Structure formats: C-alpha cells, structure tokens
Amino acid sequence: MSALHLNINNEIAELRLDNVDKLNCLTVSMLEALESHCNTLEKNPDVRVVLLTAEGDHVFCAGADISAWGDLAPFDFSRDWIRHGHRVFNRLARLVQPTIAVVKGHAIGGGLELITACDLRVSSPRATFGMPETSIGIVPGWSGTQRLARHIPPAILKEMTLFGSRVTAKRVYEIGFINMISDDPYATAFEMAEQILNKSPRANEVTKYMLNVAHNEDTEAMIEALGGGMISSTKDKAEGVLSFREKRKPDFSGK
C-alpha cells in the first residue's frame, strides 16, 4: 500500500502524504499513487477542491527518497526518475479542481516543488522552505528551476539553490508564494475551500484554465480546451454532429 492516500468527503478531497518515518520523502510508489489519484479526481465532477496535506507537524516533505534514486545510473536518473517526477507534478498542476497545499512542517527540495504545483498554499509560521540539492551534489529536478522560478523572485531563488539555504514562512509570504500563514493551516485551508465552494464550479474551472495559460502551464492543451468548450456550445456544432450521423450535408447557421 502506498504512503500517499486519497480521501474524498463530498465536495472536498484530500491527498495526504503518510511516510513520517522517512520525513514524508517521496518514493516511486508515492509518485505512482499521486498520478493515479489525480486521474481519479479528474473524473469525479462532484469534487470541487483538493487539499494536499501530510502527516506530522515537523516536516511536510523532505523531498525525494534518496534510496530510490541514489544508486541510479546517469541515464536512468535523467530518463526515468526526473521525467517521472515531472510527469506526476504536471498532472497535479493541471487538475481541473483548485488545489490547496497545507504546509504544517518544512517543505524541502521535492517537497517544495510539490507544493509549487498547487494553486494555493497555507503554511504554519514554523515551516521553512528550501532547495538543498547542491549540498548533496545534484540539481533541482522536479521543476525547482522552472515552475518555482515563476513564483519566487530570481535573487531569492538563487540564494535558496546556490546556498542550499532555507527561508522562513514569513519571507515567502511577503513575496507572494504563500497565501496565508496560520497556526492551524488545515483549518484555514478548509475555510478557503469552503469559500471556493460558494463560487460557480464551471467559472472556477475555466478561470484556472486561463491562469494556467498565463503561467505557461500546459498552454497548448488549455487554449484548445477553452476553444473547444466555446465551440461546443454552438448550434453549428450540434448540426455538424447530427449531419455526420445522418450522413448528409450540414446546414450551418453561424449560431
């Protein structure tokens, strides 16, 4: 059984890291579970908001489990491990539902990259955020120099990556990476989720599509999804499908 669980409670779903003995480090099975859970959520129209949480108060996620990648050959490391993580994190970032990361403890390396794939982030004041890869002779691999660079100013991100240093919740809140700092981040995130539930589901979904385009997140698919949604509401689309089924020439009205 994977240490990444999905719990659906009516309109709010929770993805929960549960690998406390290893500081919630991400394993191959956890990545596979995250991808599978995202596919499940995407097909469930009743789920309106997704919370990403973790067991324990000290560490949200300390990154990727070194035992999973430490002995990989260079080609396997780049082709399998790095690309696998990218595919899974991209899947999370492109969920139709708004996602909220609930950060009670430190988010380090892959853990920081993971919460960056969420739409919103709520943090405990005690949490810190870091990219320590250069300290162990590697580089960020799951979009720490790409997606994260769209959220954190260059000077601060270079400090985090080149020094391998951590920054406080207060500092990343001040630069706009964290939405809220709370002594009870789960309760605060749940309140945010309930606010989302009061809004139009389809309007929120399309708004997320448009914002994804603005942030270069799956741009090609988002543009065609928006165009496809618009054209699908037309009488011409209905006539086109009907005429095809009836094997006749379509009578388009431009409506």
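This passage describes the cores, salt bridges, cysteines and one helix of a predicted model.

The hydrophobic interior was examined first. The largest nonpolar core holds 47 residues. Leu17, Phe60, Leu92, Ile115 and Phe129 touch the most other members of that core. A second core is separate and consists of ten residues, including Leu51, Val102, Met192 and Ile196. Beyond its neighbours within four places in sequence, Ile115 contacts Phe60 and Phe129. Its other contacts are Ala101, Val103, Ala107, Arg121 and Phe177.

Helix 5 spans residues 154-163. Four of its residues, Ile156, Leu157, Met160 and Thr161, are buried. These residues lie on the same side of helix 5, because they cover an arc of only 125° around the axis. An α-helix has 3.6 residues a turn, so residues three or four places apart point the same way. The buried residues of helix 5 pack against two helices, helix 4 (110-116) and helix 6 (169-174). They also pack against strand 8 and strand 9 (166-168). The face turned away from the buried side carries Pro154, Ala155, Lys158, Leu162 and Phe163, which are exposed. Just after helix 5, Gly164 adopts a positive phi of about 70°.

The loop between strand 8 (128-130) and helix 5 contains Glu133. This residue is buried but forms no salt bridge. The nearest side chain of opposite charge belongs to Arg166, 11 Å away. Not counting residues up to four places away in sequence, Glu133 touches Gly109, Gly110, Ile138, Val139 and Pro140.

Elsewhere, charged side chains do pair. The whole structure contains 14 salt bridges. In one of them, Arg87 pairs with Glu35, and the closest N and O atoms are 3.0 Å apart. This pair links distant parts of the chain, with Arg87 in helix 3 (residues 74-93) and Glu35 in helix 1 (residues 28-42). The two residues are 52 residues apart. Arg87 is partly exposed, at 43% relative accessibility. Glu35 is buried, at 18%.

A salt bridge also joins Glu217 to Arg94, with 3.6 Å between the closest N and O atoms. Here too the pair links distant parts of the chain, 123 residues apart. Glu217 sits in the loop between helix 8 (201-214) and helix 9 (219-232). Arg94 sits in the loop between helix 3 and strand 5 (99-103). Glu217 is buried, with 7% relative accessibility. Arg94 is partly exposed, with a relative accessible area of 25%. Both residues belong to a network of salt bridges that also links Arg147 and Arg150.

Glu246 and Arg248 form a further salt bridge, with the closest N and O atoms 2.6 Å apart. Both partners are partly exposed: Glu246 has 45% relative accessibility, and Arg248 has a relative accessible area of 32%.

The cysteines were then considered. The structure holds zero disulfides. Cys25 is in no disulfide, and the nearest cysteine sulfur, in Cys61, is 5.9 Å away. Cys25 is buried, with a relative accessible area of 12%. The sulfur of Cys118 is too far from any other cysteine sulfur for a bond, because the closest, in Cys38, is 9.0 Å away. Cys118 is also buried, with a relative accessible area of 4%.

How values were computed: Residues numbered from 1 in each chain as written. Predicted model: local features only at pLDDT ≥ 70, side-chain atom pairs only at ≥ 80, totals over all residues. Heavy atoms only, no water. Buried < 20%, exposed > 50% of the residue type's maximum accessible area, 1.4 Å probe, protein only. Lys, Arg positive; Asp, Glu negative; His and termini not counted. Salt bridge = Lys/Arg side-chain N within 4 Å of Asp/Glu carboxyl O. Contact = heavy atoms within 4.5 Å. Arc of directions from axis to C-beta. Disulfide = S-S within 2.5 Å. Core = buried A, V, L, I, M, F, W, Y, C linked by side-chain atoms within 4.5 Å.
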